[in-house]
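Biologist: Please take a close look at one helix of this model and at the pockets it helps to line. I would also like to know how its surroundings are put together.

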Amino acid sequence: MNQADCLNDPHFSVYKGGKHADLLRKIVIFKELSDKSRRVIEKRIQTYEFKKGKQIIAEDEAAMGVYFVVSGAVKLTKQDENGNEIIVCIKQKGDIFAEACLFTRKTEFYPATATMLEDGEILFLNKHELEQDLYNYPELSMQVISYMSDALREMTSQLRDVALLDVYAKTVKTLERLGNKFNTGQNRWGIEIPLTVQEFATVVGTTRESVSRVFSKLKKEGIIDLKSRKIIILDWCMLCTLLHKEY
């Protein structure tokens, strides 16, 4: 979706002004910035409020900028040659997406399609303006590099799990990882992951049937439940001990 479409779309609102200072403190790479660096970003930021199910960007669009999740959740997806959707990752409060378009020397497209999993607020920064700020403010550059390094490390771990673990272990590890993302209040019970079984299977990198078999076992043990297109972790402590029992 281009910026003109965003501004005319009835599904969300746009906010500007003094609210930005508080919003920036909710983003990982901005919350530790000095007031001077943060004020530079405040002048450039655009804030959007999206509804659940709304597509923010598509992987075949020319990349215009970088996005930051203030609230809600976003799924990043790609399509295979048959048109099947594969969930690459999920972004939660404080996360960045579309940062791969920064500092490229060619016309770049967004690396994935981004769609809201929950209602939420998203910040947008123009690609060229952000690149200039990264040149001019080393403090900001270091924060972005640190974040991208952590993200790369997490993705490497996920690839290792997909390649080396069996379906049961991959499913439990993914539940634990996503549970951490959506357990913002550090709850032990009733943690909701807003994914269907099919969507979850694409995150794990296996079939819906394989995940369903694992879920059936976990439901019988009282660890999870499935309701209204959501996966609910009923007992976080029991989930976290499962792999220690098995391996």
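Modeller: A residue counts as buried under 20% relative accessible area, as exposed over 50%, and as partly exposed in between. By that scale Asp166 is partly exposed, because its relative accessible area is 39%. Please keep in mind that this is a predicted model.

Asp166 sits in the loop between H5 and H6, and H5, which covers residues 138-164, is the helix to look at. Across space, the C-alpha of Asp166 lies 10.0 Å from that of Thr206, although 40 residues separate the two in sequence.

Within H5 itself, Ser141 is a useful residue to inspect. Its relative accessibility is 16%, so Ser141 counts as buried. Leaving aside residues up to four places away in sequence, Ser141 touches Leu134 and Tyr135.

Now the pockets. The largest pocket holds about 790 Å³ of space. Its lining has 32 residues, and those closest to the centre are Cys89, Lys91, Glu99, Tyr147 and Ala151. H5 provides the largest share of this lining, with eight residues. Strand S5 (73-79), strand S6 (85-91) and helix H6 (167-182) are also among the elements that each supply at least two residues. By class, the lining of the largest pocket has 17 nonpolar residues, 12 charged ones and three polar ones.

The second largest pocket holds about 380 Å³. Of the 20 residues that line this second pocket, Gln158, Leu159, Val162, Arg177 and Val203 lie nearest the centre. Two or more lining residues come from each of S6, H5, H6 and helix H7 (197-204). Here too H5 gives the largest share, again eight residues. The lining of the second largest pocket divides into eight nonpolar, seven charged and five polar residues.

Next, the strands elsewhere in the chain. Strand S4 (residues 65-69) is mostly covered, with five of its five residues buried. S4 is joined to strand S9 (residues 120-126) by five bridges, and the two run antiparallel. In that pairing, Phe68 has Leu123 of S9 as its bridge partner. Two bridges also join S4 to strand S7 (residues 96-97), again in antiparallel fashion, and there Tyr67 has Phe97 as its bridge partner. In a regular strand the side chains alternate between the two faces of the sheet.

Further along the chain there is an open sheet of three strands, in the order S10-S12-S11, with antiparallel pairing. Strand S10 (191-193) and strand S11 (224-227) are the edge strands, each pairing on one side only. From one strand to the next the twist averages 25°. Four bridges connect S11 with strand S12 (residues 230-233), and Leu226 has Ile231 in S12 as its bridge partner. Helix H8 (residues 208-220) packs on this sheet and touches S11 and S12, with its direction at about 115° to that of S11.

To return to the helix you asked about: H5 gives eight residues to the lining of the largest pocket and eight to that of the second largest. Tyr147 and Ala151 are among the residues closest to the centre of the largest pocket, while Gln158, Leu159 and Val162 are among those nearest the centre of the second largest. Asp166, in the loop that follows towards H6, is partly exposed.

Note on methods: Residues numbered from 1 in each chain as written. Predicted model: local features only at pLDDT ≥ 70, side-chain atom pairs only at ≥ 80, totals over all residues. Heavy atoms only, no water. Buried < 20%, exposed > 50% of the residue type's maximum accessible area, 1.4 Å probe, protein only. Contact = heavy atoms within 4.5 Å. Pairing = 2+ DSSP bridges. Axes fitted to C-alpha atoms, helices over the stretch in contact; angles between N-to-C directions. 1 Å grid on protein atoms, 1.4 Å probe; cavity = no way out; pocket = protein on both sides within 12 Å on 5 of 7 lines; lining within 4 Å. Points joined across faces, edges and corners; volume = space filled by probe spheres on them. Nonpolar A, V, L, I, M, F, W, Y, C, P; charged D, E, K, R; others polar.
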